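The following exercises train the reading of a protein model. Each task is followed by a solution in steps.

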Amino acid sequence: MSPASGMLLDETPLFDPSLLQELDWSSNTVSFAPPISPSQPGEGLVLRPLCTADLDRVQRYCMSLMQNTPHLFISQYKILTFCLFFLANFEHMKKSGDYYVIVVEDTNLGQIVATATLIIEHKYIHACAKRGRVEEVVVSDVCRGKQLGKLLVSTLTLLSKKLQCYKVTLECAPKNVEFYKKFGYSASDETYMQCRFFD
């Protein structure tokens, strides 16, 4: 039985998909060879907002990892826990209007193969302006080399501009700095620090 059994899953998007369709892709600063875009991410692929029905798609992907990658242990407990929190988090994010989780679905596999998140912060500084943060850029191993990481970052960078953020930031390892410079990002004098409570 699926851990998601009994949950109401549908294709209602986390945010209005027209925001992605209306992006000014001509102002993108990164080249793609072959050319891809949010509306044409590749054969059999669809780039769109997260929806609750993606819970089943992500779960199928986790199950396939368990079967095909014995050394990678994903317990049934972890999958069940994820399922239980997924819908509650989805409703919270949708209601706030400040979370823009995009996914790439492989329609042939019926699986989510890439995802990234843009979070909007409302500031008291900068005349109560908005700041965007790009987080959780993840691409499945089965889709490496299809430029999906570049596509996700480009899409969310342009989306933050469309949403009138005064700036957009992301955290990256020093080895990835040159990669993100292609998107117009530059190193900041600010030092990222953390106080971690859980792993």
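**Exercise 1. A residue at the surface**

Is Leu80 buried, partly exposed or exposed, and what is its relative accessible area?

*Solution.*
Step 1. The model is a predicted one. Locate the residue: Leu80 belongs to helix H3, which covers residues 76-96.
Step 2. Recall the cut-offs: a residue is buried under 20% relative accessible area and exposed over 50%, with partly exposed in between.
Step 3. Leu80 has a relative accessible area of 37%, so the residue is partly exposed.
Step 4. Look at the surroundings: Leu80, Leu84 and Phe85 make a nonpolar surface patch of about 300 Å².

**Exercise 2. The chain as a whole**

State how many helices and strands the protein chain has, and in which pattern they follow one another.

*Solution.*
Step 1. The count gives 5 helices and 5 strands.
Step 2. Along the sequence, these elements follow the pattern α-β-α-α-β-β-β-α-β-α.
Step 3. For burial, consider the 199 residues of the protein chain: 43% of them count as buried.
Step 4. For the surface, the protein chain exposes about 12,300 Å², of which carbon and sulfur atoms supply 56%.
Step 5. For contacts, take those between residues at least 6 apart in sequence: 70% of them join residues at least 24 apart.

**Exercise 3. The sheet**

Determine the order of the strands in the sheet and identify the edge strands.

*Solution.*
Step 1. The 5 strands form an open sheet with the order E1-E2-E3-E4-E5, and its pairing is mixed.
Step 2. Strand E1 (45-49) and strand E5 (165-170) are the edge strands, since each pairs on one side only.
Step 3. On average, neighbouring strands of this sheet are turned by 20 degrees against each other, direction ignored.
Step 4. Add the helix: H4 (residues 148-162) lies across E1, E2, E3, E4 and E5, and runs at about 25 degrees to E3.

**Exercise 4. Strand E3 and its partners**

Which residues are the bridge partners of Thr115 in E2 and E4?

*Solution.*
Step 1. Strands of a sheet pair through backbone hydrogen bonds, either parallel or antiparallel.
Step 2. On one side, E2 and E3 run antiparallel and are joined by 8 bridges; here Val103 has Thr115 in E3 as its bridge partner.
Step 3. On the other side, E3 (residues 111-122) pairs with E4 (residues 130-139) in the antiparallel sense, over 8 bridges. The partner of Thr115 in E4 is Val138, and the partner of His122 in E4 is Lys130.
Step 4. E2 and E3 form a hairpin with 4 residues between them, and Gly110 in the turn has a positive phi of about 65 degrees.
Step 5. Because 10 of its 12 residues are buried, E3 is largely enclosed by the rest of the structure.

**Exercise 5. Backbone details**

Where do Ala127 and Glu136 lie, and are these residues buried or exposed?

*Solution.*
Step 1. Ala127 lies in the loop between E3 and E4, whereas Glu136 is found in strand E4.
Step 2. Ala127 is not a glycine, although its phi is positive at about 55 degrees. Glu136, also a residue other than glycine, has a positive phi near 55 degrees.
Step 3. Ala127 has a relative accessibility of 77% and therefore counts as exposed. Glu136, at 55% relative accessibility, counts as exposed too.
Step 4. A further backbone detail concerns Pro34, in the loop between helix H1 (18-21) and E1: the peptide bond from Ala33 to Pro34 is cis, with omega near 0 degrees.

Terms used: Residues are numbered from 1 along each chain as its sequence is written. This is a predicted model: local features need pLDDT of at least 70, side-chain atom pairs count only at pLDDT 80 or more; totals for chains, interfaces and linings use all residues. Side-chain values use heavy atoms; hydrogens and water are left out. Two strands pair if DSSP finds at least two bridges between them. Helices (H or I, at least four residues) and strands (E, at least two) are DSSP runs, numbered from the N terminus. Axes are lines fitted to C-alpha atoms, for helices over the stretch in contact, and angles run from 0 to 180 degrees between N-to-C directions. Contact means heavy atoms within 4.5 Å. Buried means under 20% relative accessible area, exposed over 50%, partly exposed in between (1.4 Å probe, protein chains only). Accessible areas come from the Shrake-Rupley method with a 1.4 Å probe; for residues, only the protein chains shown count as cover. Patches are made of residues with over 30% relative accessible area and no salt bridge: like charges are joined within 9 Å, nonpolar side chains (Val, Leu, Ile, Met, Phe, Trp, Tyr) within 5 Å. A salt bridge is a side-chain nitrogen of Lys or Arg within 4 Å of a carboxyl oxygen of Asp or Glu.
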